[in-house]
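Student: Could we take a close look at a single part of this protein? I'd like a connected walk through it, please.

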Amino acid sequence: MKWIKTQNYGEMSRLVAQLFIKQLKDNRNTVLGFATGSTPIGLYEELVKNYNENIISFSGALSFNLDEYIGLARSNEFSYYYYMYKHLFSHIDMKESNIHIPSGDLSFIERSSAAYKQLIEVAGGIDILLLGIGINGHIGFNEPGTCFNSNTHVVELETSTRKANKIHFDNQENVPTHAITMGIASILKAKKIVLLVSGQSKQAAIDFLRTGEVTEQFPASALHLHEDVTIIYTDVK
Ligand code: F6R
């Protein structure tokens, strides 16, 4: 596990962008894994900037997102589908058919969970996967207690997660209670993982991760089982 401390959020975003840019330059058909939330917004701004300056193209790339809320339509401004188009996909040349975001549509959730795992396998696996971390140590929406053997599955969100995510919603009542997420086993299959951490609220999570203890009660600790993880962090938001 490689730890890189940056001076601020801007430096963190530029640094992780360089890893994605290198990946795209090394292999134009690369498979990228994306996260949502507050932390990666600066990365997406950097990627759009580099695309606009003709430094990178996503025309041959595929992408898989980590998670989605259950019960929010794609057109809902709080869905992760909406978020990804707003911050990235509407501004770059990735083919729509190459973009994969788990569907939060309850009517075919069982089928889509199994299909998501298969889609990733057919694509040859994820070359570089971006992660953020919850204050309770979740990665994707794998909450404490999630089995490390899990593939894409439905989870009930913890109160602390719904509370943390209410900043993106009108109020906490509107934060969905459930989500669909890539599981820990699927995450660990990515060839390279980059975890971004920003802000004081994540300090305790970082401190736990540094202890090296591996426990299902702290999902991010599964990253100790992977051989190519880079953590880029800043305590300044
Ligand atoms: C979102 C995701 C979550 C977030 C985590 C941190 O796709 O996978 O694990 O990365 O909740 O969210 P922020 O960045 O908003 O603090």
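Is Tyr69 buried or exposed, and what surrounds this residue?

Tutor: Happy to help! A quick note first: this is a predicted model, where local features need pLDDT of at least 70, side-chain atom pairs count only at pLDDT 80 or more, and totals for chains, interfaces and linings use all residues. Residues are numbered from 1 along each chain as its sequence is written, and side-chain values use heavy atoms, with hydrogens and water left out.

Tyr69 is buried, with a relative accessible area of 1% (buried means under 20%, exposed over 50%, partly exposed in between, with a 1.4 Å probe and protein chains only). Tyr69 lies in strand β4 (strands are DSSP runs of E, at least two residues, and helices are runs of H or I, at least four, numbered from the N terminus). Strand β4 (67-69) is an edge strand of an open, antiparallel three-stranded sheet ordered β4-β8-β7 (strands pair if DSSP finds at least two bridges between them).

Now the rings. Tyr69 and Phe141 have ring centres 5.6 Å apart and planes at 45°, so this pair is tilted (rings of Phe, Tyr and Trp, the last by its six-membered ring, pair with centres within 6.5 Å; planes under 30 degrees apart are stacked, over 60 edge-to-face, the rest tilted). Phe141 sits in the loop between β6 and β7, so the pair ties together parts 72 residues apart in sequence. Phe141 is buried too, at 2% relative accessibility.

Tyr69 also pairs edge-to-face with Phe169, at 5.4 Å centre to centre and 80° between the planes. Phe169 is in the loop between α5 and β8, so this pair links parts 100 residues apart in sequence. Phe169 counts as buried at 7%. Tyr69, Phe141 and Phe169 are among the members of one aromatic cluster, which also includes Phe20 and Tyr44.
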